[in-house]
Amino acid sequence: MKIYPLLTILLAISLFGLLFFQLFLNSDAQGFNQKSLAPFKSKLLNGDSFTSEELKNDSLSLLNVWATWCVGCRLEHSYLMELEKKGISIIGINYKDDKEKAFKWLDQFGDPYIKNIFDDQGEVGFMLGVSGAPETFLIKNGDSIVMHHVGVLDKKVWKNKFAPLIKK
Amino acid sequence: MIPELGNFLLIFSMINSLLLISIAFIYPPKDKRFFLSASLVTFLAIFLSFIALEISFLTDDFSVLYVATNSNPNLPIYYKFAALWGGHEGSLLLFLLILAGWILVFVLFNEDQKYSSAFMNIVLFALLAFTVFLSNPFERLLPISSLSGSDLNPLLQDFAFTIHPPMLYMGYAGLVIPFGIAMNFLLNQEKVKQLEPIRSWSVVSWSFLTLGISLGSWWAYYELGWGGWWFWDPVENSALVPWLLCTALIHSSIATNARQIFINWTLALTILSLAGSLLGMFLVRSGIITSVHSFALDPDRGIFLLLICFVIVILGFSLFFLKSDRRGLKTDMGIYSKEFMFFINNAFLVTLSAIVLLGTIYPIIYEIFSGGDQITVGAPYFNLVTVPFALILLFFQAIGPLTKWGGNKIDNLNSIGIIIISSIVLSYLVSYLFFSFSFYEFVGNAIVLMLIQSLGFLAFKSFHSQRKINFSMIAGHLGLAILTFGITISSLNSVEKEFVLQKNESVLLGSSKITLEDTQSVQEDNYYGDRVTFSFQEEDRILKLYPERRFYPASRMETTEAGIYPSVYKDVYISLGQKIGENAWAAKVQIKPLVRFIWLGAIIMFLAGLLVRTKFKFK
């Protein structure tokens, strides 16, 4: 008769154990499949033109999709500023946004970007597979996407998803 | 100021709830008034905190992070009000409000208090702590920015959505009450009579779960533009599992009340159904499974929710195994007795819920053991494994009501025989004459006919012998029969066609002619888009349909609004695809016979459940 309690507890522990395990697995940097980056051309917020060839100058570049209409972008902005202070260069993609509002935003909250692609029609975003903002990409050698994070970029996400790849 | 007040009240209610638990266990008060006042204070504090968040929403206070991410100044005021439960934190607050409300109602109407409300408060306290520390809706976004707010997800800007979560939460939260009653019984076992309220409470939860799930299904039907009413989506499944377990609990507790049998089974089911509803909450809110519903992805939240669920299960089952009276495990029952019918009912319902749960979490298990490969378990698996079980269950549902407690020969043998034979013959004729004959169609219709005849027979017998008639039970089962009929006919007889049309061009579907008559643009405060007018000509009748594609600028999202012509017999359903050129659209038309019966049946089930305490007598 002692078998039922044991079985029930075992079943509960294994079920919950699996779910716990999966939660930790989920927060890991592994498991992202590298994708190739198709070459693209666009313009910058300041009016200059931009091609993805420029990304090839660096072994790693960080692309951050943002917009003034997006609350999550406001949230991660202070962390982006922190990253900039650490010397990490970030290329912004101002996504489906208004030029004036974008400049006002950068004036008000600070500008963490070395360059800002002006993607008002969302073409660059479409090509990258952006579904909204904020999203952040890590590009290797200007031709492959090694990380694509959907959502707010904060210290924890950086430590889990980006830092391990950058150290490599 | 108001958000801080709301936050303070939430913390206050958390402490109050903890106090109630401590006092109830350390120095159990004899007086019911203690529980009544403590529960009332907790409820009022949560209610005022809810009001505080509503004020932030209605006044567009975008310095509150949660308001900024879920509302927009251009949103109609009704949706601003409902946007409170459009995201993770606010919907949790709504859940807490409902849970505290149910506990208050329980304390008001039940005499036997000792530990029951303390156990309910354990769940309430855990979720309050989760809200205050990990999902606080009152968090500020400072310094105040120039933001005009994000938006309520456009898919959720819809009437059915605004009442879907509250109804569902009424059901989920209601499952805490039977749990509390069962735990109280285990701790101070006096008499089985203590378990009696479980029946009514589980029926009430079940009613709201039924309504909540069917509202969700109705919403998905017209809002997602796929024309389906059930997708076996992980979130739908995590509502279906507690529903199935709660259905089992209702029947088990009826047997417990009537014959003092299945006592342990009833107790175990109260734990399981609460665990099912908490596990569902975890699956939806942790981001472990991706789905149309998914909230913000945050593993920390998931871990906390999983812990709550784990602690409740371990606590419940520890008490169960330590304290439950094992003599009740064996029940003598003849194969023709009502006891046996309830046994079948429970065995099948619990198996069904296990099958659904397994299918839902299987992708997670697979991912772990395959080293990161991902699969999805879709409708074919679920349909294949659930439909046969459901059909057998429904068959017994038709027989069960005609059996007697402790019966050892088939009562009503002649009637059962007549019902089965006439159903088979009738179903054969109906399926053959009106629909394209198929095996499932025949079986489905036969079972529906059996159900209806058996319920009619039962009502007739009560009428004839001047006994009280259990209206709630008959109507509830009848609702299920209607729902089953709707599912059978609409799943097996729908037709659909995809096409591309220019203005004034037509396409044929069977003998009906579909014409694209006009295209125009629409503009509202919170969206703009295209509306296309189609005419649907069938014999002499011409119907007009107006499907739309909308763009919501605040959240940069595009949605499709299906054009639906509803009627009792069939729905004509057109959803727009892409705009192909000037005045040309890709679209899909579907004709769905009797699809309305699905929701009609569900509404009857809901109303029947609310009448649980009433019995009528024919004079």
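Which residue just after α2(B) takes a positive phi? In this predicted model, the residue in question is Asp60(B), with a phi of about 50°. The helix that precedes Asp60(B), α2 of chain B, covers residues 32–58. At 1.5 Å a residue, the 27 residues of α2(B) should span 39 Å, and the end C-alpha atoms are indeed 39 Å apart, so expectation and model agree.

The overall dimensions of the two chains were considered next. Chain B contains 18 helices and 12 strands. Its C-alpha atoms fill a box of roughly 75 × 75 × 60 Å along the principal axes. A compact globule of 619 residues would have a radius of gyration near 25 Å, and the value for chain B, 26 Å, agrees with this.

Chain A contains 5 helices and 8 strands, and along the sequence these follow the pattern α-β-β-β-β-α-β-α-β-α-β-β-α. For its 168 residues the globule rule gives 15 Å, whereas the radius of gyration of chain A is 20 Å, well over that figure; chain A is therefore more spread out than a compact globule. The C-alpha trace of chain A spans about 80 × 30 × 30 Å along its principal axes.

Within chain B, the packing of helix α9 (residues 197–223) was examined against two other helices, beginning with α8 (residues 176–187). The axes of α8(B) and α9(B) lie 8 Å apart, at an angle of about 165°. Because angles over 145 degrees count as roughly antiparallel, α8(B) is described as roughly antiparallel to α9(B). The crossing of α8(B) past α9(B) is left-handed. On the side of α8(B), the contact is made by Ile177(B), Pro178(B), Ile181(B) and Ala182(B). The residues contributed by α9(B) are Pro197(B), Ile198(B), Trp201(B) and Ser202(B). By class, the residues of this contact comprise 7 nonpolar, 1 polar and no charged.

The second partner is helix α7 of chain B (residues 159–174), whose axis comes within 7 Å of that of α9(B) and crosses it at roughly 155°. This angle makes α7(B) roughly antiparallel to α9(B). The crossing of α7(B) past α9(B) is left-handed. The residues of the contact of α7(B) with α9(B) divide into 16 nonpolar and 6 polar, with no charged residues.

How values were computed. Residues numbered from 1 in each chain as written. Chains lettered and ligands numbered in written order. Predicted model: local features only at pLDDT ≥ 70, side-chain atom pairs only at ≥ 80, totals over all residues. Axes fitted to C-alpha atoms, helices over the stretch in contact; angles between N-to-C directions. Helix = DSSP H or I, 4+ residues; strand = E, 2+ residues; numbered from the N terminus. Parallel < 35°, antiparallel > 145°, perpendicular 65-115°, else oblique. Left-handed = near helix turned anticlockwise from the far one by under 90°. Contact = placed C-beta atoms within 7 Å. Nonpolar A, V, L, I, M, F, W, Y, C, P; charged D, E, K, R; others polar. Expected span 1.5 Å × (residues − 1). Rg over C-alpha atoms; globule rule 2.2 N^0.38 Å.
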